[in-house]
Amino acid sequence: MIYRVLSIAVVGLLAIIPAEADARRLEVLFLGDDGPSNPLEGYRVLKENLSGQGLNFTFVEDLSKVTRETLDLYDALIVDASYDKDPAPAAIFSWVQAGGGLLVLNRQPGNFSSSKEWAALLDGAPKANVGKGRVDTIAQPAWESPELKARILWSIGEKKAAEFAQLKLPPLTTEIPEIANRTHPEIPMMELQKPLSPADSAAHTQVPAGTKLELFACEPMVVNPIAIDWDSKGRAWVVESFGYPNNVPEEPGTGMDNIKILEDTNADGKADKMTLFAHGLRHCTTSVFVKNGVVVTDGKDIVFLGDENGDDQADTRKVLATGLGIFDTHASTSQFQYGLDNWIYATVGYSGVEIRVGEKKHKFAQAVFRFRPDLSKLELLQNTTNNTWGLGFTEQGDVIGSTANNNPSWMVSIPAAAYANQGIPQPKTPRLDTSVRVDHKSKSDPAADFVKMFTNTKDVTQVDQIAGYTAAAGHHFYNDSVMKDTFSAKNAFICEPTGHIVATALVTDKGSLKETALRGNNAFASSDAWAAPVAARVGPDGALWIADWYNPIIQHNVVFRYYNPARNYDKPHSPFQSGEKKGPGKGNAYDTPLRDTTHGRIWRIVPVKAPLRKEIETDTKNLTALLDELSSPSQLIRLHAQRALVEKGGGEAVPQLVKLITAQAAPKGNELPLAAVHAIWTLEGLGAPAGSVAHQALVDALQSPHALIRRHAMLALGAADPAVIAGLPDFLATTKNPRELLMVMIQAALTAPNPSIAKAIWKFATSESEPDPTVKEAAQLAMRHQGLALFTGDFANFSAEPPSTWSGQEAIQVITRLAAGPERDALVAFAPQAPAGLRSHIEKILAAPPVRDRTPVEVPGRFIPGRDAYMKACIECHQADGTGVTGTFPPLVGSEWVKGDSTTMIRIILGGLMGPVTVKGQAFNGAMPGHSAMPDKELAEIITFVRYAFGDLSEPPITPDAVKEQRPLVEARKFAPWSVTDLRAVDQK
């Protein structure tokens, strides 16, 4: 039968611990590594098989984290690692003596095999008593075997085992739902678990050791929560989505979505008051505070909902822009967030946006973008890899997010503005995620192509990216201090509702970008198959809040399979789809009556011992209080204070803001000058015209001893500010940190051509050290942007021969672009005074005719992405029609190199080609630069297009993997261009 609607009062549902006082889940710490036995995979199997029985597993690999303080949080320790040359953590010995249970997987090479103390501890095992503790060993564990659970229970001793035996988890009962008019009656039905009460669901949920799970609100107070935020009073604002995915009406006010304000008026940690701020919204996915209201999505519109009379109910609706794509409701716009720079950030999937702001039309999809709170300006920052439903900011202000389809973590690298008109296609947001160790010294990145989930159950239903991140949502960081013993500012929270988890990611520096390790630990993991966390954010109290959609059907589309390992179910379609239509219904989602609209929970993860923050209200009328809150440990509270000061306006706060910058003010217990950074952007938001005290403070901050202050002062002033222009040459020469250097180089790519900056860029580009790949691309953009000014640099020794360095090749590209553009006459005038080697290249390029026609060739739709990338990267030399330039740039049409071996062509486009070379019987002696900075997918699309359009080949498309496979050869040559001899030598091998 269809699930009955649960209409249970909130009172009585808020307790989450089992009735038996001594009954409890067990905490098991798993010490592993990336050894040959693949302990991480064993750990994953353990979790999905035993966590549903009440065992909490946590993975650790950093030996420095294995302290007595940590071990005391756990009942048992499993060791399966290859730390044979490391001493065993001393804390293990005292912990076992005090009653800890140790289970060692006795493999070769062994664990801590050089440690005599470790050998002595294991002496007598298996099943040895050591002090008050127990030590067991096992040679070849069967991760799914009941034996392993029995060995764990033996190791913890009778008392703890008895407590665990008292744990009576609520049953997870299933039934086969009845659905009329099934679309695929030929497919057998799949059982579904019945819903649980909040208390019973909590009993099936693991949170980190040392924390506990508390229920803040549930149905009927809140249903289908899709987003959560907090106002300046510390009240939770929740977006309820009832229209998703199939019911999004056209007319304003006819929708079913709500925005609710939830309050805890008696300070018991539970919501006891609900105020309906707005209702009738159409596919509302997000909200962000602006002045006395919120900016939200409402169908195709971005809308401001204002509360003019202060009664906590929207009484003003103003459409700021229209043009949000909603044809696919899970690929629409979301994640409105107020950024450090006073812009509102957002993400969108392939439904895209088509918005006109003033005289400018913006059209893009699968992207992260930003707009001013009044929508007076809008900017595309970077395209993402897929449907994007996650966004967050590091303490330093870096923009990081998540997408669906196996890319749970990405980062904005170089913004779109730097690529404008430079002929280099902007890559999509680089993926950061990995579940394996990465050798930071290696040029090849062994990051796994597939990032696995670590679930607490096998009852996981997915339609693609099986066992991986298919619906990643949210990417907020723990930017606070209350739970510093559990989380750090390097921890991001990535929801995966199909896996019933909120993963805890570790985000660390990797060159000028970041790396996100998803190594098996979760902030929230449930074996309740209805649990569906879709948003996880740190509240003003310092707790981690989770919006639990609580729904048995998460899947939007019906793709190639419908898979659930717990049910042994693997079919090509959903068994729950209803209606005559075989494909998706409205909202591009399949229809089913099982999409629940009666449940929803808001959880909090709180520390067991440390208190939460009590003072969470921001007094927006008190200037002194607002200034003080710029130093709050909470990023949320700091941003509230910054926004309130900017909206308040006036110059009253300026002197105190200047003091915060000068003092490099930082929140208590934080080494970063975050208060100073917020002060910088508050001054920017208030207005800092040239000659003002505020402007001078930002100029002075450019000379701060702290790199983060310098970075944000530079960004706040902007690339056109005279002080930034004057400072860039020195910044380029002295900045060593790759991340900070990238920020500087991006500004150099945005500022107007300037001889001093151009000289500094060329000096950097010709230095002996190979730059970080992303910094290198920013330098290429900066060189192209400088144009003719670039040649004020030191070109005295520039060779007339085809260049073999990336900087030399890029200089040739600059000349080629100048010759083909409006500065051709200036290049002609400059040529006689250029150094001899440089002059030779200029004269040769000027002798060739410029691009004749920029009309792209006609090709079938599947080749258009490659053609568009070709038009940006290749047209200046090879022409739009692939005919090249006689005597200078070889033709691609009918070229034996294009029609020949595809692997050779991949090597050429990656590494470049230096003459002499014969094409169609004609000799050429130029130099083609490599395009290794471009993404594998884009290069594959270009090659596929060229071979079809100019080689007249009908063949399968070139794959990104085929391009990736050739990169090590190019990197080993340090990106020097190939010669024909080199290519033939490689082919012969």
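In this predicted model, Phe-371 touches Val-295, Phe-336, Trp-343, Ile-344, Ala-346, Lys-377 and Leu-378, leaving aside residues up to four places away in sequence. Phe-371 also belongs to the largest nonpolar core, which has 126 residues. Within that core, Phe-371 is among the residues with the most contacts. The others named in this group are Val-295, Tyr-469, Phe-791, Leu-827, Leu-838 and Ile-842. Another core lies apart from it and has 61 residues. Phe-216, Ile-259, Ala-523 and Ala-547 are among its members. In soluble globular proteins, nonpolar side chains tend to be buried together.

Trp-343, one of the contacts of Phe-371, also meets a charged side chain. Arg-370 lies over the face of the Trp-343 ring, at 3.9 Å from the ring centre. A second arrangement of this kind involves Arg-601 and Tyr-550. Here Arg-601 lies over the ring face, and the distance to the ring centre is 3.7 Å.

Aromatic rings were then examined against each other. A search of the whole structure finds 30 aromatic pairs. Trp-237 and Phe-289 form one of them, with an edge-to-face arrangement. Their centres are 5.0 Å apart, and the planes stand at 85°. Trp-237 lies in strand E12 (residues 236-240), while Phe-289 lies in strand E15 (residues 287-290). The pair therefore ties together parts that are 52 residues apart in sequence. Both Trp-237 and Phe-289 are buried. Tyr-478 and Phe-487 form an aromatic pair that is tilted. Its rings are 5.7 Å apart, centre to centre, with 45° between the planes. Tyr-478 and Phe-487 are both buried. Ring pairs also build a cluster from Phe-30, Tyr-43, Phe-59, Trp-143 and Phe-454.

Attention now turns to the backbone. Strands of a sheet pair through backbone hydrogen bonds, either parallel or antiparallel. One open sheet is formed by four strands, in the order E19-E20-E23-E24, and its pairing is antiparallel. Strand E19 (334-338) and strand E24 (378-383) stand at the edges. Each has a single partner strand, so one side of each is left without a neighbour in the sheet. On average, neighbouring strands of this sheet are turned by 20° against each other, direction ignored. E19 and strand E20 (residues 344-348) run antiparallel and are joined by three bridges. Ser-334 has Thr-347 in E20 as its bridge partner.

Two cis peptide bonds were noted, each leading into a proline. The bond from Glu-219 to Pro-220 is cis, with omega near 5°. Pro-220 is placed in the loop between strand E10 (211-218) and strand E11 (225-230). The bond joining Tyr-244 and Pro-245 is also cis, and its omega is about 0°. Pro-245 lies in the loop between E12 and strand E13 (257-263).

The loop between E10 and E11 also holds Asn-224. Asn-224 is not a glycine, yet its phi is positive, at about 50°. This residue is buried, with a relative accessible area of 0%. Gln-879 has a positive phi too, of about 70°, although it is not a glycine. Gln-879 is found in the loop between helix H22 (875-878) and helix H23 (896-899). With 1% relative accessibility, Gln-879 counts as buried.

How values were computed. Residues are numbered from 1 along each chain as its sequence is written. This is a predicted model: local features need pLDDT of at least 70, side-chain atom pairs count only at pLDDT 80 or more; totals for chains, interfaces and linings use all residues. Side-chain values use heavy atoms; hydrogens and water are left out. Rings of Phe, Tyr and Trp (its six-membered ring) pair if their centres lie within 6.5 Å; planes under 30 degrees apart count as stacked, over 60 as edge-to-face and the rest as tilted. Helices (H or I, at least four residues) and strands (E, at least two) are DSSP runs, numbered from the N terminus. Buried means under 20% relative accessible area, exposed over 50%, partly exposed in between (1.4 Å probe, protein chains only). A charge sits over a ring if NZ of Lys or CZ of Arg is within 6 Å of the ring centre and within 35 degrees of the ring normal. A nonpolar core is a set of buried Ala, Val, Leu, Ile, Met, Phe, Trp, Tyr and Cys residues joined through side-chain atoms within 4.5 Å. Contact means heavy atoms within 4.5 Å. Two strands pair if DSSP finds at least two bridges between them. Axes are lines fitted to C-alpha atoms, for helices over the stretch in contact, and angles run from 0 to 180 degrees between N-to-C directions.
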